[in-house]
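Welcome! Here are some short exercises with worked solutions, to be followed with the structure open beside you.

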Amino acid sequence: MAPAAVTIASGATWQDVAADRQRHRDATVAEVQPPVPDIRPEDIPLNTTGIPGKLLTEEEIEITSTDVEDLVKRIASGEWSSTAVTNAFLRRAGLAQKLTNCLTELLPKRALARAAELDQYLATNGKPIGPLHGIPVSVKEHIGVKDEDINAGYVSWVGHVSEDDALVVKCLLEAGAVIFARTTQPQTLMHIETSNNLYGVTVNPRNTTLTPGGSTGGEGALIGLRGSILGIGTDIGGSIRAPAANSGIFGYKPTTMRMPTFGWSIAMAGAESILGSVGPLSTSLEGLRLFAQTVVGRKPWLRQPSLVALDWRDSAQYFPDRKLRIGVIRHDGIVRPHPPILRKIDELVRKLEKSPNVEIVDWNPWRHDLAWSIIAKLYYPDGGVEVKAAVESSGEPWHPLSKFMLHENPHVEPLTISTLWDTVAEREGYRVKYAQLWNESAKTSPDGKPLDAILAPVGPGVAPKLNTSRYWGYTAQWNLLDYPSIVFPTADFVGAPEREAPYAYPEDYQPLNDTDKYFWDLWKEYGAEGYKDAPICLQLVARRYDDEKLFKAVQIFLETAGLPAAVPAP
């Protein structure tokens, strides 16, 4: 694909650059054959998830309704060709774009050429090329794809081109994957919504007045509509988990330096005070695990030496007796969750308490306000100078949530070498204290066993109204601690208001702080009706480098709670 020619460097205005990027995106969708069905904006319903089933062919619906672990088998058996599978996902992804504005581009020529190669390999060798043979994978735009533009949501960066595939992309290609779509992210990459001046606003497929989250929101919306079933995201404050939760899918934030990050495009690329993670979003828990096992199985630390040289361990070795000890956070002491979240936690806890294999322990969230103040300082040790320059050099306007993080955040200030050291020491002290508290949880166990995982909200509510995601504490907490987390759907959605009534705010409720009041006011304004059809998701969190143990814990948790390990196709 030719590099972008309309750029700030060429003398174009930011509006011209944005219009050109949108023309390019629409042109790539138009390349798909048969053409992606048209749908008029006025015909798009509030909940868009039923639309693909009305406009795609029966075979396309069957293919795109199949989860990764089953699709691998059906391609390997020859039941479906990689070409047929890739084209089905190209068409469904193009439709998802028209419904939610989730793409920066499709890659039909590249993807179909790759699929044809894989079909030829299978026909010649009688076996798949690797564990992801023929699986279409979507990619968040700031993760490099060779010879493609990479702008990370900044207008001024349009025209930058990836000289090579990012290492995580290489690992997936080596395993047989097909890269077919690239997805939207927010301005600065530091919202937990997805809006920027290049592509506009990405909306939630289950309720278009809500956000799909961010910064991996394009992936969330695309996978929520099954325009993809496996995508690559990144997370430094909730950017995999918020989109997974908001769109009702599975998401995995690994412990840092387990997955390769080389080849992504970010501001402050050399900053190490808080590290981000690359990880997957998928329609199934097994899709997440297969991604992780495949990528780590390529031994990426031999090519990115900063990674931890730790093979992927077999989850079957954990919990042979299937007994779990789960801590529960209902409220972090800063922002009270909205009624649907509190209700769902209580329902699951009551169910789990009936199992002899699960012990539930209330977890006291120790000073999560301190955790936010530490991580918010460490996000921008230069006071946001580099990010602000990347935005302002094009003349593009600031989005409200970018201003919230960079201009209105009292913790953002330039750190000297000395104050940076002090803040990193504060981070380490907090991690030590939290580890101590986790260790001490063994004292309340009859067999001296500490907690295996913590069950917690992913945010103060379900998918927020657009431009209202002004609290990250339920996810950023675990980035500060560098704990792995998996988000899972609870097979429940916001519906009748009377279901939430027992968990309503008390009439005499006194907000804990301005942020708590902000979210209380949102619930008072919109109530259950305003969040209609929003998925209710939660997260399980484990200790650092216990990623494989976490996968087994989630599996047992879902089975015990009677929850599906894959999102049912609409």
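This is a predicted model, and the exercises begin with a single residue.

**Exercise 1. Find where Asn 197 lies in the chain, and decide whether Asn 197 is buried or exposed.**

Step 1. Look for strand 4 (195-196) and strand 5 (200-201): Asn 197 sits in the loop between them.

Step 2. Check the relative accessible area of Asn 197, which is 12%. Buried means under 20%, so Asn 197 is buried.

**Exercise 2. Work out which side chains make polar contacts with the side chain of Asn 197, and which residues Asn 197 is in contact with beyond its neighbours in sequence.**

Step 1. Start with Glu 396, whose side chain makes a polar contact with the side chain of Asn 197 at 2.7 Å.

Step 2. Turn to His 399: its side chain also makes a polar contact with that of Asn 197, at 2.9 Å.

Step 3. Now set aside neighbours within four places in sequence. Asn 197 is then in contact with Glu 396 and His 399, and with Trp 14, Ala 18, Val 155, Gln 187 and Pro 397.

**Exercise 3. Count the disulfides, and explain why Cys 102 has no such bond.**

Step 1. Recall that a disulfide is a covalent bond between the sulfur atoms of two cysteines.

Step 2. Take the sulfur of Cys 102 and find the closest cysteine sulfur, which belongs to Cys 537. The distance is 18 Å, too far for a bond, as the cut-off for a disulfide is within 2.5 Å.

Step 3. The count for the structure comes to zero disulfides.

Step 4. Check the surroundings too: Cys 102 is buried, at 0% relative accessibility, and Cys 171 is buried with a relative accessible area of 0%.

**Exercise 4. Decide whether the radius of gyration of the protein agrees with that of a compact globule.**

Step 1. For 570 residues, a compact globule would have a radius of gyration near 25 Å.

Step 2. The protein has 22 Å, which agrees.

Step 3. Add the outline: the C-alpha atoms fill a box of roughly 60 × 55 × 50 Å along the principal axes.

Step 4. Look at burial and contacts. Buried residues make up 61% of the 570 residues. Among contacts between residues at least 6 apart in sequence, 80% join residues at least 24 apart.

**Exercise 5. Find out how many residues of helix 8 are buried.**

Step 1. Locate helix 8 at residues 217-224, one of the 19 helices that the protein has alongside 13 strands.

Step 2. Eight of its eight residues are buried, so helix 8 is largely enclosed by the rest of the structure. Among them are Glu 219, Leu 222 and Ile 223.

Step 3. Move just past the helix to Arg 226, where phi is positive, near 60°.

**Exercise 6. Classify two of the aromatic pairs as stacked or tilted.**

Step 1. The structure holds 24 aromatic pairs. In one of them, the ring centres of Trp 478 and Tyr 483 are 6.1 Å apart and the planes are at 15°, so this pair is stacked.

Step 2. Trp 478 and Tyr 483 are both buried.

Step 3. For Tyr 505 and Trp 520, the centres are 6.2 Å apart with 45° between the planes, and the pair is tilted.

Step 4. Trace this pair along the chain: Tyr 505 is in the loop between helix 17 (497-500) and helix 18 (514-530), while Trp 520 is in helix 18.

Step 5. Finish with burial: Tyr 505 counts as buried at 11% relative accessibility, and Trp 520 is buried with a relative accessible area of 14%.

Technical notes
Residues numbered from 1 in each chain as written. Predicted model: local features only at pLDDT ≥ 70, side-chain atom pairs only at ≥ 80, totals over all residues. Heavy atoms only, no water. Helix = DSSP H or I, 4+ residues; strand = E, 2+ residues; numbered from the N terminus. Buried < 20%, exposed > 50% of the residue type's maximum accessible area, 1.4 Å probe, protein only. Polar contact = N/O pair within 3.5 Å; in protein donor to acceptor, adjacent residues only side chain to side chain. Contact = heavy atoms within 4.5 Å. Rg over C-alpha atoms; globule rule 2.2 N^0.38 Å. Phe/Tyr/Trp six-rings, centres within 6.5 Å; stacked < 30°, edge-to-face > 60°.
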